[in-house]
Structures are given as C-alpha cells and as structure tokens.
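Hi,

Here is the structure I promised to pass on. Have a look at it first, and then read my notes below.

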Amino acid sequence: MSALRITARLSIPDSEIEEYFIQASGPGGQNVNKVASAVQLRFDVAHSPTLPEEVRTRLKVLAGQRLTKDGVLVMTGRTYRTQERNRADVRERLKALIARACIAPKTRRPTKPTLASKKRRLEGKTQRAKIKRARGKPGMDS
C-alpha cells in the first residue's frame with residue numbers, strides 16, 4: 001500500500017502512518033501468548049504536512065480521547081484474529097474519521113419566528129393562564 005486514499009484530492013502516504021502489532025487481549029486459544037494479532041496505528045495529526053489546516057482542526061475535535069497531548073492519533077484494532085484483517089479494519093476506521101473531518105459543517109443562518117408560531121405561543125400562554133386562574137386560592141371553598 002503506497003497511500004491511504006481519503007478523498008479525490010486527499011491521500012495520506014504510508015510514511016506518515018505508523019503501525020505496531022501487539023498482543024490482543026481476550027480468548028485466543030493456543031496462540032494467545034504467541035501471536036501479536038492486534039494493531040496499534042499512530043498518525044501524527046499535529047505535524048502532518050498533507051492535512052489542510054481546517055481538516056486538521058476538525059480532526060482534532062473528532063478524535064477526542066484517541067488524540068495524545070502531542071497531537072498523535074492512536075487507534076487500536078483487535079476485533080479479528082488475524083493481523084491483516086485488524087490492519088485493514090484500523091486503516092478503514094482512520095479513513096472514515098478523516099473523511100468525516102473533510103466535510104465542513106454547514107453554517108447556521110439565523111431565522112426569525114413566523115407570525116403563526118408567535119400566535120401559537122401566545123395562545124398557549126393564555127390557555128395556561130386560564131387554567132391556573134380557574135384553580136382559585138386555597139381555603140376559598142364557597
């Protein structure tokens with residue numbers, strides 16, 4: 001694999017992605033203490049030359065606790081029993097995360113409430129006031 005293709009314009013070279021194979025936790029039978037099938041992927045978000053600045057800032061927010069203090073994104077894959085499937089899974093999750101960061105959020109255009117909604121709100125308030133007024137004061141049994 002030469003690069004991780006995110007969008008038509010953005011692809012991350014493999015030289016920026018570090019992969020380490022570690023032992024997975026949980027049941028594994030005879031191979032549990034011998035085979036390092038889990039994958040830990042590290043991608044330096046803060047110092048990546050290929051990421052545009054706006055994508056970098058959105059990615060830092062989306063990454064959450066997976067981002068270290070140094071700005072390195074750490075993802076672990078241990079779902080499958082083989083290195084290849086775990087590696088493909090982690091790379092796919094990284095690709096999806098960066099693709100989400102590439103989408104700029106729509107800016108909110110402030111709108112005013114319509115005349116009908118204002119009338120509905122005021123009618124609801126008067127209706128509630130009538131209900132409360134009809135209750136009367138305590139101890140006023142005529």
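Strand 4 (residues 38–44) runs antiparallel to strand 5, and the two are paired over 6 bridges. One spot to click on is Leu41, which has Met75 of strand 5 as its bridge partner. Before you go further, keep in mind that this is a predicted model.

That pair belongs to an open sheet of 3 strands, in the order 3-4-5, with antiparallel pairing. Strand 3 (17–22) and strand 5 (72–77) are the edge strands; each has a single partner strand, so one side of each is left without a neighbour in the sheet. From one strand to the next, the twist averages 20 degrees. In case sheets are new to you: strands pair through backbone hydrogen bonds, and they do so either parallel or antiparallel.

Stepping back to the whole chain, you'll find 3 helices and 5 strands. Along the sequence they come in the pattern β-β-β-β-α-β-α-α. The protein chain has 142 residues, and 24% of them count as buried. Its accessible surface is about 10900 Å², with 52% of that belonging to carbon and sulfur atoms. As for contacts, take those between residues at least 6 apart in sequence: 58% of them join residues at least 24 apart.

Now for the helices. Which residues of helix 1 (residues 53–63) are buried? They are Val55, Arg56, Leu59 and Ala63. These residues cover an arc of only 100 degrees around the axis, so they sit on the same side of helix 1. The cover over the buried residues of helix 1 includes strand 4, strand 5 and helix 2, so you can link this helix back to the strand pair I started with. Just after helix 1 comes Gly64, which has a positive phi, near 65 degrees.

Helix 2 (residues 83–102) has a residue worth a look too, namely Asn86. Is Asn86 buried or exposed? Its relative accessible area is 0%, and since anything under 20% counts as buried, Asn86 is buried. What does Asn86 touch, leaving aside residues up to four places away in sequence? The list is Ser37, Ala38, Val39, Gly77, Arg78, Thr79 and Tyr80. Ala38 and Val39 fall within strand 4 (residues 38–44), while Gly77 is in strand 5 (72–77).

If you only have a minute, start with Leu41 and Met75 in the sheet, then turn to Asn86 in helix 2.

Cheers

Technical notes. Residues are numbered from 1 along each chain as its sequence is written. This is a predicted model: local features need pLDDT of at least 70, side-chain atom pairs count only at pLDDT 80 or more; totals for chains, interfaces and linings use all residues. Side-chain values use heavy atoms; hydrogens and water are left out. Two strands pair if DSSP finds at least two bridges between them. Helices (H or I, at least four residues) and strands (E, at least two) are DSSP runs, numbered from the N terminus. Axes are lines fitted to C-alpha atoms, for helices over the stretch in contact, and angles run from 0 to 180 degrees between N-to-C directions. Buried means under 20% relative accessible area, exposed over 50%, partly exposed in between (1.4 Å probe, protein chains only). Contact means heavy atoms within 4.5 Å. Accessible areas come from the Shrake-Rupley method with a 1.4 Å probe; for residues, only the protein chains shown count as cover. The arc is that of the directions from the helix axis to the C-beta atoms.
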